[in-house]
Amino acid sequence: MAAERKLKGEIDRTLKKVQEGQEVFEGLWVQVHDCDNSNQREKLEGELKKEIKKLQRLREQIKAWIAGADIKDKQPLMDTRKSIEKDMERFKVCEREMKMAGRAGVAKPTDPKEKAKDDAREWINNSVEALTAKVEESEYELEELGLGGGKKNRKPPPRVAELEEIVGRHKEHMGRLEKVLRCIDNETIHPDELEDLKSDMEMYLSGEGEEDGIDYSQVDVMYDELLDRLDALDQSALAASASAAGGKHGSKAKEDAERERERERENERQRAAAAAAKAQLIAQGNNNIRLAEEDEAASLRKPSAQAQSTKQQQQQHPQPAIPLVVP
């Protein structure tokens, strides 16, 4: 009975989220079609896309409840799902209009080479977008699984680990595709080389490959023929980073040496200033300094005079020699 009440409360919260999301979607829909500023319209279209994705995630949860046997009255869920699907169709129409408007404003390249590169870029961007949508769906399901009550230290269900692996794999593919895009721009990968990757990615995104028993756990397998270029791109980025870091260290050492030379020059200036001040005082007749210098000179001469007097006395009064007695 408690589990049934809990499920009913979760369904009510979800239906309320759908209602609020559809109200936001409708408001954005009106703003998009009433907006004449292209920049503002593009911003509104991005917000519209975010809202429809939120509704799509809620739709997936509703479909799971409809397929389950825990709910007797499924009509409200079915009506809500149909309502979301209508909004999805409306967004598809809007998306086609956006693409057509963008193409109308941009001149198509006449060079076959540039056209092939543009087609490759468009495919990569569409694939990254599809992977992003799958990541969001899996992350939403992870959030739902984490909302369950009970002990905090209980063992997570196996589905959690499976979803985390799926999310990680999707993100790896997104990273690889972004590198492929950079290689296309740098012309280290030719668009014709993507044919096998396109076929494999299509099967991966549709789920047909898993149904056929294809192992997708190793992401690099799909990019096997392109790995040398992708690795070279990584090495180039690392070398650039190391060069920038080395330049920073070299600049610091140069600054330290310059500071040390400046300290030495400052000490020299201070010593020169002290010597000049002393000379000026002497020139102005400072007797104390003159007398001190004369006393110092006299003290240095005094030992020499005493030694000379002692020597003269020894010459005038020589001491008698002591006879040597031999036994």
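# An all-helical predicted model: a short presentation

Glu 187 counts as partly exposed, because its relative accessibility is 45%. I open with this residue, in what is a predicted model, and shall come back to its surroundings shortly. Glu 187 is found in the loop between α5 and α6. Its backbone deserves a remark: Glu 187 is not a glycine, and yet its phi is positive, at about 65 degrees. The position of this residue along the chain is just after α5.

Let me now step back to the whole protein. The secondary structure amounts to nine helices and zero strands. Read along the sequence, the pattern is therefore α-α-α-α-α-α-α-α-α. The protein has 327 residues, of which 23% count as buried. As to how the chain meets itself, consider contacts between residues at least 6 apart in sequence: 68% of these join residues at least 24 apart.

I turn next to helix α5, the element that precedes our opening residue. Helix α5 has 29 residues. From its first C-alpha to its last it reaches 43 Å, which is close to the 42 Å expected at 1.5 Å a residue. One of the residues in this helix, which covers residues 158-186, is His 170. Is His 170 buried or exposed? His 170 counts as buried, because its relative accessibility is 7%, and the cut-off for buried is under 20%. Not counting residues up to four places away in sequence, His 170 touches Leu 131, Lys 134, Val 135 and Tyr 204.

Helix α5 also takes us to the nonpolar interior. The largest nonpolar core has 27 residues, and Leu 177 and Tyr 223 touch the most other members. Which elements give two or more residues to this core? They are α4, α5, α6, which spans 195-206, and α8, which spans 227-283. The largest share comes from α5, with seven residues. To see the surroundings of one of the two central names, take Leu 177: leaving out residues up to four places away in sequence, Leu 177 touches Trp 123, Ile 124, Ser 127, Val 128, Leu 131, Leu 197, Met 201 and Tyr 223. Apart from this core lies another one, of 23 residues, including Val 18, Cys 35, Leu 48 and Leu 77.

Leu 48 leads me to Cys 94, since Cys 94 touches Trp 29, Val 32 and Leu 48 when residues up to four places away in sequence are not counted. Cys 94 lies in helix α3, residues 75-105. Cys 94 counts as buried because its relative accessibility is 0%. Its partner Trp 29 is 65 residues away in sequence, while the C-alpha atoms of Cys 94 and Trp 29 are 8.8 Å apart in space.

A second pair of this kind involves helix α6, where Glu 202 is found. Glu 202 is exposed, because its relative accessible area is 58%, and the cut-off for exposed is over 50%. Glu 202 and Ser 127 are 75 residues apart in sequence, and 8.6 Å apart from C-alpha to C-alpha.

We come now to helix α2, which runs over residues 38-67 and holds Glu 51. Glu 51 counts as buried because its relative accessibility is 13%. Which residues does Glu 51 contact, leaving aside its neighbours within four places in sequence? They are Gly 21, Val 24, Phe 25 and Leu 28.

Helix α2 also takes part in the final feature, the empty space inside the model. As general background, rolling a probe the size of a water molecule over the atoms shows where empty space is left. How many cavities of 30 Å³ or more does the structure hold? The structure holds one. The volume of the largest cavity is about 40 Å³. Its lining is made up of Lys 53, Gln 56, Arg 57, Ala 133, Glu 136 and Glu 137. Helices α2 and α4, the latter covering 112-146, each supply at least two residues of that lining. By character, the lining residues divide into four charged, one polar and one nonpolar.

To close, I return to three points. The model has nine helices and zero strands. The largest nonpolar core draws its largest share from α5, and just after α5 comes Glu 187 with its positive phi. The lining of the largest cavity, finally, includes four charged residues. Thank you for your attention.

Note on methods. Residues are numbered from 1 along each chain as its sequence is written. This is a predicted model: local features need pLDDT of at least 70, side-chain atom pairs count only at pLDDT 80 or more; totals for chains, interfaces and linings use all residues. Side-chain values use heavy atoms; hydrogens and water are left out. Helices (H or I, at least four residues) and strands (E, at least two) are DSSP runs, numbered from the N terminus. Buried means under 20% relative accessible area, exposed over 50%, partly exposed in between (1.4 Å probe, protein chains only). Contact means heavy atoms within 4.5 Å. The expected span of a helix is 1.5 Å times one less than its number of residues. On a 1 Å grid over the protein atoms alone, a cavity is a set of points where a 1.4 Å probe fits but cannot get out, and a pocket is an open set with protein on both sides within 12 Å along at least five of seven lines; lining residues have an atom within 4 Å of a point. Grid points are joined across faces, edges and corners, and a volume is the space filled by probe spheres set on the points. Ala, Val, Leu, Ile, Met, Phe, Trp, Tyr, Cys and Pro count as nonpolar, Asp, Glu, Lys and Arg as charged, and the others, Gly among them, as polar. A nonpolar core is a set of buried Ala, Val, Leu, Ile, Met, Phe, Trp, Tyr and Cys residues joined through side-chain atoms within 4.5 Å.
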